[in-house]
Amino acid sequence: MRTNEDKIYSFLGLATRAGKLVSGDDSTLLELRRGNVKLVIVADDASENTKKLFKDKSSYRNVKYVYFSTKLQLGLAIGKAPRAAIGVKDANFANKIMELMETPKI
């Protein structure tokens, strides 16, 4: 049986293939400023400056943000090099990922 974490990685990969995801600090920040991002995922092992930057920018624009996983795992999930930040541009993907994060692990 797959864990919620595995399902989240699957959804991130699916969102990438659907073109509904931006990754990397600069791209995510740019799309966040444009109002195209519904959820920001920041790696747990990102620098404190990166965490604070995305927390402040997301809060200011009323966009949900979460700290999840590692840079390496986030990068692997979307088929790219390690990423500190990912922005989900589709509301349905964002809602499903948040739902999986909030569900208790069994």
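With 73% relative accessibility, Asn62 counts as exposed in this structure, which is a predicted model. Asn62 sits in the loop between helix H3 (48-60) and strand E3 (64-67), and its phi is positive, about 55°, although the residue is not a glycine. A second non-glycine residue with a positive phi is Ser69, at near 65°. Ser69 belongs to the loop between E3 and helix H4 (71-77). Is Ser69 buried or exposed? Its relative accessibility is 11%, so Ser69 counts as buried, whereas Asn62 is exposed.

Strand E3 also leads into the sheet. Strand E2 (residues 39-42) pairs with E3 in the parallel sense, over four bridges, and Leu39 stands opposite Lys64 of E3. Between these two strands the chain passes through H3, forming a β-α-β crossover that is right-handed.

Leu39 turns up again in the interior. The largest nonpolar core comprises 31 residues, and Leu12, Leu39, Ile41 and Val88 are those with the most contacts inside it. At least two core residues come from each of helix H1 (4-17), strand E1 (21-23), helix H2 (25-34), E2, H4, strand E4 (85-88) and helix H5 (91-102). Of these, H5 gives the most, with five residues. In soluble globular proteins, nonpolar side chains tend to be buried together.

Val88 offers a handy view of these contacts. Leaving aside residues up to four places away in sequence, Val88 touches Leu12, Leu39 and Ile41, among others. Its further partners include Lys20, Leu21, Val37 and Lys38, as well as Phe93, Ala94 and Ile97.

Terms used
Residues numbered from 1 in each chain as written. Predicted model: local features only at pLDDT ≥ 70, side-chain atom pairs only at ≥ 80, totals over all residues. Heavy atoms only, no water. Buried < 20%, exposed > 50% of the residue type's maximum accessible area, 1.4 Å probe, protein only. Pairing = 2+ DSSP bridges. Right-handed = clockwise from strand over helix to strand, strands pointing away. Core = buried A, V, L, I, M, F, W, Y, C linked by side-chain atoms within 4.5 Å. Contact = heavy atoms within 4.5 Å.
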